[in-house]
Each structure stands twice: as C-alpha cells, then as structure tokens.
Amino acid sequence: MYTFDTIVAPATASGTASINIIRISGKDAVNIGEKIFTPKIAKNRLSQNPRKLIYGHIVHNEKIIDEVMACYMNAPHTFTCEDVVEINCHGGKKSVEEIISIILTSGARLAENGEFTKRAFLNGRIDLSQAESVIDIINAKSSKAFENAQKQLQGKLSKRIFDIDNTLKKSLAQITVAIDFPEEDVPEVTRQELTGDLDYCVENLQKLEKTYKDGKIISDGINIAIIGRPNVGKSSLLNELLEENRAIVTDIAGTTRDIIQESLSINGLCVNLVDTAGIRDTSDVVEKIGVERSISSIENADIILLMLDNSTEISNDDINLIEKLQQKQYIVLINKSDLDSKLNINHIPDFIDKNNIMNISAEKKEGIEQLKEKIYSMAITYEDENTNSVMLTNSRHYALIQNTISSLKDAKTAILNDVELDIVETDYKDALQYLGEITGESVSESLLDTIFSQFCIGK
C-alpha cells in the first residue's frame with residue numbers, strides 16, 4: 001500500500017550551475033518550508049503567500065545556510081496534486097546537500113526515482129501513459145521526439161485508448177446482460193453491433209500499431225553508416241552533412257583508420273552518422289582493424305550510404321561492397337559528379353534499385369540537401385497530416401496493443417461462430433486488461449515500481 005508521506009529531492013541536475021531547485025511535496029511541505037525558511041520581510045510567510053516567489057534565507061540552528069528564493073504551491077493545483085514547496089538555492093553540490101539534509105531532519109524523506117510523477121499519476125492528475133511520456137521528454141534526442149512526447153503528455157495517446165476502451169465496455173455490458181438473462185436470446189442486431197464495434201476498435205488499434213516502427217526511429221534516432229573504398233569522399237560527405245570539419249580529409253588513401261561517430265538533425269529526426277575506414281585489402285595492421293570495424297558497422301546500420309567514385313571505373317572492391325547491400329536499406333552515392341565520368345552505371349548489379357542511386361559532389365556541396373531529404377523519406381514512412389496524431393514509441397505499449405488486437409480478433413471469431421458468450425466475455429475482459437495497463441486503470445504495484453524506477457530521482 002502506497003504511503004503519501006512528505007518527500008524531497010533536487011529537481012535540477014547535479015553539478016555547477018547558477019541555481020539549483022529543491023522540491024518538497026506532501027502534507028507537511030509548507031510546515032517544513034516555514035520551519036527552515038526565514039523570509040527577508042517577516043510578513044511574507046510561505047503559507048500566507050501561495051504561488052509567490054519569496055526572498056529569504058535557509059536557517060538552521062540560527063546559522064544562515066544559503067540565500068534563496070522559495071515558493072509554496074497549495075494542493076491540488078500542483079504537479080503532484082499535493083502541497084509543494086520549491087527552493088531556489090545557489091548552484092553547486094554543497095548547498096543542495098546542506099539544505100536537503102536539513103529538510104530530512106525536519107520530517108521529510110528522500111524521494112524515490114520518479115516518485116513525484118508517480119504521485120501525479122496516483123492522485124489522478126495524469127494517466128500512466130502520460131506519466132511515461134515525461135521520461136521521453138527528458139530523453140528526447142530530436143525536435144520530433146520531443147514533439148511526439150509532448151503529444152503523449154497532453155493525453156493524445158490516452159484519448160485514443162480511452163475511446164476504444166469505452167466502446168469495448170459498452171459491448172461488454174451488452175454481453176453481460178445476455179449472460180445474466182440466458183432465457184432471452186441476444187438479438188441478431190446486437191451481434192452485428194458487437195462485430196461492428198470490434199472492427200472499429202481493431203482498425204484504430206492497428207493504425208496505432210503501424211506507427212511504432214517510425215515512432216521508435218523518431219525516439220531513438222536512426223543509424224547510418226557511410227561506406228566505400230578509400231578516397232571516395234566519405235569523410236568529405238560527413239563534414240558536409242555536419243556542416244563542420246569533423247573528419248580529416250586528404251588525398252592519401254587510408255586517412256580514416258577508425259570509425260568516426262557523430263549526430264545531426266534532419267527535419268527534426270536524430271541521425272547517428274558513422275564514417276568508416278575505407279574498405280579494401282590491406283596488410284597494415286591498424287588499417288585492417290579499421291576495415292573490420294567498418295564491416296561490422298554495416299550490420300548495425302539502419303541505412304547504408306555506399307559511395308562510389310565517379311572519376312574511376314567500378315572495381316572488385318566496389319562490387320563486393322554493393323553485394324553487402326542486399327537485404328539492407330541503402331543509398332548508392334556516385335560522388336565527384338563534377339569530374340569527368342569513368343563509372344559505367346550499367347556495371348552496378350541489377351538488384352540495386354535505380355531510384356536509390358544519387359549523383360553528388362561532396363567537395364562542391366552538390367546534392368547534399370537532396371540526400372538529406374532522401375534519408376528522411378527513407379527513414380520515416382508513416383506521415384499523418386492530422387496535427388493531433390501521435391506515434392507509439394514505448395515497447396510496452398506496443399506489446400499491449402498487439403495483445404489487445406489478438407483478443408479482439410478472437411472475440412469476433414467466437415461471435416461469428418456462435419460460441420458461448422461467457423467465452424466471448426473472457427476475450428473482452430482480456431482486451432480491457434491490456435488497455436488498462438497502458439492507461440494505468442489496471443496495473444500492478446510492482447509494474448508501477450518498475451516503470452517509475454527508470455526516472456531520475458527529482459522527477
């Protein structure tokens with residue numbers, strides 16, 4: 001059973017900063033705040049001035065600990081729906097440690113990971129999917145990931161789930177009536193309504209299910225490996241995509257002897273780039289290690305950019321690399337397109353999609369923007385013009401939606417085959433259980449502990 005005692009934790013990251021914020025939440029928050037905080041103007045007590053930032057000092061045993069600004073926010077209009085006191089103290093580790101130590105001796109306890117957000121959920125301010133989106137906002141690697149997490153925090157995923165949930169509960173009520181009054185046949189129209197509602201729910205759940213692949217890409221980013229023979233322009237391309245001189249570029253083959261990893265944003269999507277060592281047969285021990293790492297990076301890449309040199313004929317090394325593109329997402333880049341062409345495109349194996357071949361000149365900065373657009377369109381295949389649309393990014397939600405769809409399909413099959421309604425009822429209850437684990441309507445305490453343990457201590 002959860003105990004709603006008073007908790008405290010730093011709400012800002014540790015380390016040197018201009019200010020740190022300490023958050024107290026619970027029934028004794030304002031009492032503890034007034035016990036340790038002395039306002040500069042005596043009448044400005046925290047309890048008498050809710051939602052105002054008040055200047056004063058943290059005092060302990062008649063000793064000034066720090067000069068701070070404090071604010072009392074009264075329940076239920078706070079993040080946790082409890083009384084909350086926030087103390088803005090000087091940045092640095094020592095000030096926070098001293099003040100939290102005093103708060104702990106004054107009756108609070110140190111918050112557990114994610115306990116503030118957990119209380120917001122338990123007190124009904126947000127549902128479980130909204131609570132989980134908080135950590136997605138904190139961990140967002142790109143503007144698209146941040147935007148999608150904000151939509152989930154606003155309840156746009158919850159709204160779609162609750163709509164389906166309500167439809168199923170209405171149908172379950174009809175089934176329960178039919179079971180409780182077996183002497184009355186279920187009208188045929190009711191069975192049609194049941195299957196119609198099931199179709200509606202499955203269709204909408206499948207739409208959500210389809211967003212997961214792109215949702216994970218938006219959340220985690222996409223890994224791209226730039227591969228090719230030595231001196232085809234891989235490092236030049238990396239520098240142009242990053243718009244900075246990150247990699248050394250020379251005319252000497254084998255300059256890049258290890259992989260270089262950098263990230264950039266393309267249309268709000270986080271792209272993790274890997275510039276690899278030129279792949280060729282070599283007797284150089286160090287270069288050989290780089291080549292091995294380059295080959296390994298191909299296996300871990302979501303998209304491969306294979307660079308060919310327009311100014312030379314296709315070599316056996318090029319063909320060997322092209323063969324590695326089978327069963328992978330790829331773009332073949334014919335670099336140095338500003339030079340006289342010696343590359344015969346007809347020598348490129350037939351399995352290569354000609355739509356995935358692009359001419360660029362990394363040195364002349366030609367084709368770079370078109371390449372970025374190609375990468376984005378290849379990475380993100382799901383686009384919904386509805387501004388209220390939201391993508392699944394949470395693997396737990398994805399698995400639960402798949403389970404729900406399976407139960408609803410079983411229910412429809414059973415209804416169409418005139419199976420006993422008590423068996424159909426079980427499928428409905430299973431589906432509602434799965435949906436409830438997304439919203440938090442039906443979730444175990446142990447699962448809650450697991451979810452919120454992934455949060456930082458001050459959130």
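The crossing of helix 13 and helix 14 is left-handed, a label used when the near helix is turned anticlockwise from the far one by less than a right angle, with clockwise giving right-handed. This is a predicted model, in which local features need pLDDT of at least 70 and side-chain atom pairs count only at pLDDT 80 or more, while totals for chains, interfaces and linings use all residues. Residues are numbered from 1 along each chain as its sequence is written, and side-chain values use heavy atoms, with hydrogens and water left out.

Helices (H or I, at least four residues) and strands (E, at least two) are DSSP runs, numbered from the N terminus. Helix 13 (residues 395-416) and helix 14 (residues 421-439) have axes that come within 8 Å and cross at roughly 165°; axes are lines fitted to C-alpha atoms, for helices over the stretch in contact, and angles run from 0 to 180 degrees between N-to-C directions. Helix 13 is therefore roughly antiparallel to helix 14 (under 35 degrees counts as roughly parallel, over 145 as roughly antiparallel, 65 to 115 as roughly perpendicular and the rest as oblique). Contact means heavy atoms within 4.5 Å, and among the helix 13 residues that meet helix 14 are Leu400, Ile401 and Leu408, with Val424, Tyr428 and Leu435 included on the helix 14 side. The residues of this contact between helix 13 and helix 14 comprise 12 nonpolar, 4 polar and 5 charged (Ala, Val, Leu, Ile, Met, Phe, Trp, Tyr, Cys and Pro are nonpolar, Asp, Glu, Lys and Arg charged, and the others, Gly among them, polar).

A second helix pair brings together helix 3 (residues 115-122) and helix 15 (residues 445-452), at an angle of about 140° and with axes 10 Å apart. Helix 3 and helix 15 are therefore oblique to each other, and their crossing is right-handed. Thr117, Lys118, Phe121 and Leu122 of helix 3 meet Leu448, Asp449 and Phe452 of helix 15.

Turning to the strands, an open sheet of 6 strands follows the order 9-10-8-11-12-13 with mixed pairing, where two strands pair if DSSP finds at least two bridges between them. Strand 9 (260-266) and strand 13 (357-359) are at the edges with a single partner strand each, so one side of each has no neighbour in the sheet. From one strand to the next, the twist averages 25°. Strand 11 (residues 303-309) pairs with strand 12 (residues 329-335) in the parallel sense over 7 bridges, and leucine 308 has isoleucine 334 in strand 12 as its bridge partner.
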